[in-house]
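Visitor: I would like a close look at one part of this protein, the largest pocket, and at what lies around it. Please take it step by step.

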Amino acid sequence: MAARILMVFSASIVLTLRVLHLVYAFWGPSLTPRDPALQISTSQSSPIITKETTMWRCGVGFKASRSLGLILFGLVFGYLALAHGQLLFRSPFLLDVRLAMLGGFVVPCKVYFFSAPFIGVSISLAWYVASIELSRA
């Protein structure tokens, strides 16, 4: 039971961080540049691949789509831990996918973001590893 709880905690961190990110992508100033000229510039510049959008709109779209994918990721693993724990903890494929995803998130969080996402994802990864260890005990 402790393994399932830690898995749910791990999934809930990713879920919570991404819901907040999705909200911030569309509402409020949290993810807008401090320099208003930068937002104006990116709102007027198109990527080389197309003139159908702007760099600003691409950024919002990337934030939203990444958030939606990680929200799904958190929901699926939280659900599996609660409703189908045996399936989850006995599936090397599912366990390896989650480990690879969480491990893969730690690096960009450390290199490209600020401390809160890095700390959150690191805690999620630690709880995940602990949940695996407890499930094997």
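Guide: A residue counts as buried when its relative accessible area is under 20%. The model is a predicted one. C58 has a relative accessible area of 17%, so C58 is buried. C109, with a relative accessible area of 6%, is buried as well. A search of the whole structure finds zero disulfides.

Now to the pocket. A general point helps here: rolling a probe the size of a water molecule over the atoms shows where empty space is left. The largest pocket has a volume of about 540 Å³. Its lining is made of 20 residues, and R18, H21, F113, F114 and P117 are the closest to the centre. Sorted by class, the lining holds 15 nonpolar residues, two polar ones and three charged ones. At least two lining residues come from each of helix 1, helix 3, helix 5 and helix 6. Helix 1 gives the most, namely six residues.

Then there is the largest nonpolar core. This core has 20 residues, of which M7, L88, L95, L102, Y128 and I132 touch the most other members. Two or more residues of the core come from each of helix 1 (2-26), helix 3 (55-83), helix 4 (85-89), helix 5 (92-112) and helix 6 (115-136). L88 can serve as an example: leaving aside residues up to four places away in sequence, L88 touches M7, F77, L80, A81, L94 and L95. Two of these partners, M7 and L95, are also listed among the core residues that touch the most other members.

Notes: Residues are numbered from 1 along each chain as its sequence is written. This is a predicted model: local features need pLDDT of at least 70, side-chain atom pairs count only at pLDDT 80 or more; totals for chains, interfaces and linings use all residues. Side-chain values use heavy atoms; hydrogens and water are left out. A disulfide is a pair of cysteine sulfur atoms within 2.5 Å. Buried means under 20% relative accessible area, exposed over 50%, partly exposed in between (1.4 Å probe, protein chains only). A nonpolar core is a set of buried Ala, Val, Leu, Ile, Met, Phe, Trp, Tyr and Cys residues joined through side-chain atoms within 4.5 Å. Helices (H or I, at least four residues) and strands (E, at least two) are DSSP runs, numbered from the N terminus. Contact means heavy atoms within 4.5 Å. On a 1 Å grid over the protein atoms alone, a cavity is a set of points where a 1.4 Å probe fits but cannot get out, and a pocket is an open set with protein on both sides within 12 Å along at least five of seven lines; lining residues have an atom within 4 Å of a point. Grid points are joined across faces, edges and corners, and a volume is the space filled by probe spheres set on the points. Ala, Val, Leu, Ile, Met, Phe, Trp, Tyr, Cys and Pro count as nonpolar, Asp, Glu, Lys and Arg as charged, and the others, Gly among them, as polar.
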